[in-house]
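Colleague: Could you take a close look at the internal cavities in this one for me? I'd like to know what lines them and where the main one sits.

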Amino acid sequence: MAKKKVVVEAAWAEPFKIKVVEPIKMTTKDYRLKCVEEAGYNTFLLKSEDVYIDLLTDSGTNAMSDRQWAGMMMGDEAYAGSRNFYSLWDNVKKYYGMPYFVPTHQGRAAEHMVSQILIKKGDYVPGNMYFTTTRLHQELAGATFVDVIIDEAHNPDSEHPFKGNVDLKKLDKLVKEVGADKIPYICIAGPVNMAGGQPFSMQNLKDVQTFCKEHKIKMWFDATRACENAFFIQEREKGYADKTIPQILKEMCSFFEGLWVSAKKDLMVNIGGILATRNKKVYEKARNMVVVYEGLHTYGGLAGRDMEAMAIGMEEMVEYDNIRMRVKQVEYAGKQLEKHGVPIVRPIGGHAIFLNANKFLSHLPKEQFRAQTLASEIYIESGVRAMERGVVSAGRDPKTGDHRYPKLELVRLTFPRRVYTQAHIDVMVEAIVKVYKNRKNVKGLKMTYEPEYLRFFQARFDRLK
Ligand SMILES: *Cc1c(COP(=O)(O)O)cnc(C)c1O
């Protein structure tokens, strides 16, 4: 069993070498000031060619392996019944343990279908903290999202090893308030992105399952970064040190009726998604819906070659050296920042470092968008692109129309898989430390344009004088 076969025990060094390179543009601070102004101080609106190190997201930004690229050449671009669909389906069964599956063009397409199939108007969907697209699809289907994550998740300084856990008392309270028949399913993600990439434990899944069985509530899994969660379970949870990543992943999935995956994360491809389930009725509905919104159920908005790259990516995502390097690279970045006193969310997450903007820019009032401000300052200083995960991402309350001020006001530095080296990380650290030392001179932002849905993607801001 090749679980912990590492060349040098202490090093997280890359288990691959570089075969193809993509040059990046080097820019000046004056040039970046102009760029960020044109982009309305929203890092989503920057041109990627003006970015030096792009830590906006780990979504679809991965470097594929030579095997995956070779797989792309094996694309069977038939309209129906592509060979690649069947190799992908085999791997969905093998790694996630779900018998039924439809491919989708992205994760949110699967979220759309799951929400429309399972939710009735007036329902409640509990979840271990919200995710932007997940919650929006639940709301568009007529449900109210209810956060049932443990309190520690909202505290950036708590050292709880499993801050992604569900609080059963909160779940019980919801069931008592609205009745289990108003709760079609509980949605569990791991590691929890908005909490700082924090995992749940296997024990918590067992406890949630006991509760849900008693109340006849289904469990659905946002398995987008499930392999990172499996790695944390292997590292931190009693009884799992000798289990392999594929064994832990399969055990995690065994608790759920179904799951969706954005293949743009764990699977190390640039596009794709999955909806998989053990419920044949849900599968049949999804298979029918997919032809309305995505394409035939054997390609779901993807090319055959994309499905082949996903199938191979699934084999690589569970390789111990790959997942270890991924998580340890992020940990390295976080530890470097901590050495310089930069406030980050603890413990360090699986896919990203989250700067605590409330502490970093505590001199700014919260109405001036601390995290949005910090993300644009980091870009100006260094050309490193990060993302706001705070009040702008949280949007407005659909009932009151007010800003939702989450307890966590964060800037996310997200690491694409197999893309950047340790030297890139050292540059990023140097730049953020410089902004930190100069933080008292940073001015806030005001919002000048606000789109109706998922506003963080397109909102515009001006710098206050
Ligand atoms: C990215 C992501 C999604 C949405 O997937 P897309 O492929 O971007 O549509 C859903 N849930 C989580 C946890 C994600 O990270």
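Modeller: Sure. A quick definition to start: a cavity here is a set of grid points where a 1.4 Å probe fits but cannot get out, and a residue counts as lining if it has an atom within 4 Å of a point. Keep in mind that this is a predicted model.

Searching the whole structure turns up three cavities of 30 Å³ or more. Let's go to the largest cavity, which has a volume of about 100 Å³. Its lining is made up of Cys227, Asp266, Met268, Glu316, Met317, Asn322, Ile323, Met325, Arg326, Arg417 and Arg418. Two or more lining residues come from each of α11 (304-317) and α12 (320-339). Of the elements, α12 gives the most, with four residues. Sorted by class, you get five nonpolar, one polar and five charged residues around this largest cavity.

As for where it sits: domain 1 (29-51 + 320-463) and domain 2 (66-317) both supply lining residues, so the largest cavity lies between them.

Now for the runner-up. The second largest cavity comes in at about 40 Å³. Around it you'll find Asn42, Thr43, Phe44, Gln372, Met387, Glu388, Ser393 and Phe456. The class split for this second lining is three nonpolar, four polar and one charged. Glu388 is among the residues lining that second cavity, while Asp266, Glu316, Arg326, Arg417 and Arg418 are among those lining the largest one.

Definitions and conventions:
Residues are numbered from 1 along each chain as its sequence is written. This is a predicted model: local features need pLDDT of at least 70, side-chain atom pairs count only at pLDDT 80 or more; totals for chains, interfaces and linings use all residues. Side-chain values use heavy atoms; hydrogens and water are left out. On a 1 Å grid over the protein atoms alone, a cavity is a set of points where a 1.4 Å probe fits but cannot get out, and a pocket is an open set with protein on both sides within 12 Å along at least five of seven lines; lining residues have an atom within 4 Å of a point. Grid points are joined across faces, edges and corners, and a volume is the space filled by probe spheres set on the points. Ala, Val, Leu, Ile, Met, Phe, Trp, Tyr, Cys and Pro count as nonpolar, Asp, Glu, Lys and Arg as charged, and the others, Gly among them, as polar. Domain bounds come from an automatic or database domain assignment.
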